[in-house]
Amino acid sequence: MNFHDHFSAVAAQYAQARPEYPRALFDWIASEVSPRALAWEAGCGSGQASRDLATIFDRVHATDPSAAQIAQAQAPANVVFAVEPGESCSLPDASVDAVCVAQALHWFDQPRFFAECDRVLKPGGTLIAWGYQDMVAPAGVDAALDPFRKDIAAYWPPERRLIDEAYAGFAWPFEHIDTPQLELTAEWTLPRMLGYFSSYSATKRFIDANGRDPVAAHAANIAAAWGAPATVRTLRWPLFVHARRKAAA
């Protein structure tokens, strides 16, 4: 099937630039899912969450419709990567203990994806989807980012608003499970943060439309607020988690 491919062109940058999910998220998943023989990770991208899921599941079937993203994916041997859409995977009926989606559900046709979850999940299996919102920098730095954010605002895909809304209003299947309050944090230098901005799909679309790099255009002003480029600062991303459990047989 066709899909909106916003990341193949920046697949290498994306693989290197994303912040890491907190270990507490995977510890919580392990506490909610039993047994943990097989997980399907839909929309795995370059395998960022796959590596952590591999520590709590015996096997992980990680899929993404972008062959360029899968080509960048790296994970332990108990992860199998496949180029497959979220709405249709190759797993058998009632074969997985959990379906996990990291920062990707907003790209899917949700009704079709939820129907696929119903097909592949075992009775009593768990659907867990999470995402993170805009990065929050220290106060002085955060204000210096506003002109860059304003430049690229019109170049975000429309699905981004679903992240801003933390997937509110989705027609979730199955029974609700309470989820923890978590956030991503990272200790980054200035070049590391600017590399993250360069991996944005909106940055690539801005460059394609305007012929100039918005990260480079604002780097000097951001650097003035940051201080020495090698200075390490704490960055935060609000994280939201949704979980549902399929009825037991």
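**Exercise 1. The end of α10**

Which residue follows α10, and what is the sign of its phi?

*Solution.* Keep in mind that you're looking at a predicted model. Go to the end of α10, which spans residues 201-210. G211 comes after the helix, and its phi is positive, near 75°.

**Exercise 2. Backbone oddities**

Find where A94, Q103 and P35 sit, and work out what is unusual about the backbone there.

*Solution.* Start with the background: most residues other than glycine have a negative phi, and most peptide bonds are trans.

- Step 1: A94. Look in the loop between β3 (79-83) and β4 (96-102). Phi of A94 is positive, near 45°, and this residue isn't a glycine.
- Step 2: Q103. Now move to the loop between β4 and α5 (110-120). Q103, another non-glycine residue, has a positive phi near 55°.
- Step 3: P35. This proline is in the loop between α2 (23-32) and β1 (38-42). The peptide bond leading from S34 to P35 is cis, with omega near 0°.

Now sort A94 and Q103: which is buried and which is partly exposed? The cut-off for buried is under 20% relative accessible area. Q103 has 14%, so it is buried. A94 has 42%, so it counts as partly exposed.

**Exercise 3. A serine in a loop**

Decide whether S199 is buried or exposed, and find a partner for its side chain.

*Solution.* First place the residue: S199 lies in the loop between α9 (190-198) and α10. Its relative accessibility is 0%, so S199 is buried. Next, check around the side chain. A polar atom there lies 2.7 Å from the backbone oxygen of Y196.

**Exercise 4. How α9 meets α11**

Describe the packing of α9 against α11, from the geometry down to the residues.

*Solution.*

- Step 1: geometry. α11 covers residues 214-226, and its axis is 11 Å from that of α9, at an angle of about 150°. Angles over 145 degrees count as roughly antiparallel, so that's the label for this pair of helices. The crossing is right-handed.
- Step 2: residues. α9 brings L190, M193, L194, F197 and S198 to the contact, while α11 brings V215, A219, I222, A223 and W226.
- Step 3: chemistry. Tally them up and you get 9 nonpolar residues, 1 polar and no charged.

**Exercise 5. What covers the buried faces?**

For α10 and α2, list the buried residues and say what packs on them.

*Solution.* Take α10 to begin with. S201, A202, T203 and F206 are buried. The buried residues of this helix pack against α7 (146-152), α9 and α11.

Then do α2. Here the buried residues are L25, F26, W28, I29 and A30. Their cover includes the helix α3 (48-53) and the strands β5 (121-132), β7 (182-188) and β8 (233-245).

**Exercise 6. The surroundings of V99**

Work out how accessible V99 is, and which residues distant in sequence it touches.

*Solution.* V99 belongs to strand β4. Its relative accessibility is 0%, so V99 is buried. Leave out residues up to four places away in sequence, and V99 touches W40, F113, C117, V120, L121, T126, L127 and I128. Finally, look at A39: V99 is 60 residues from it in sequence, yet the C-alpha atoms of the two are 5.7 Å apart.

Key:
Residues are numbered from 1 along each chain as its sequence is written. This is a predicted model: local features need pLDDT of at least 70, side-chain atom pairs count only at pLDDT 80 or more; totals for chains, interfaces and linings use all residues. Side-chain values use heavy atoms; hydrogens and water are left out. Helices (H or I, at least four residues) and strands (E, at least two) are DSSP runs, numbered from the N terminus. Buried means under 20% relative accessible area, exposed over 50%, partly exposed in between (1.4 Å probe, protein chains only). A polar contact is a pair of N or O atoms within 3.5 Å; within protein, one must be able to donate a hydrogen and the other to accept it, and residues adjacent in sequence count only if both atoms are side-chain atoms. Axes are lines fitted to C-alpha atoms, for helices over the stretch in contact, and angles run from 0 to 180 degrees between N-to-C directions. Angles under 35 degrees count as roughly parallel, over 145 as roughly antiparallel, 65 to 115 as roughly perpendicular and the rest as oblique. A crossing is left-handed if the near helix is turned anticlockwise from the far one by less than a right angle, and right-handed if clockwise. Contact means heavy atoms within 4.5 Å. Ala, Val, Leu, Ile, Met, Phe, Trp, Tyr, Cys and Pro count as nonpolar, Asp, Glu, Lys and Arg as charged, and the others, Gly among them, as polar.
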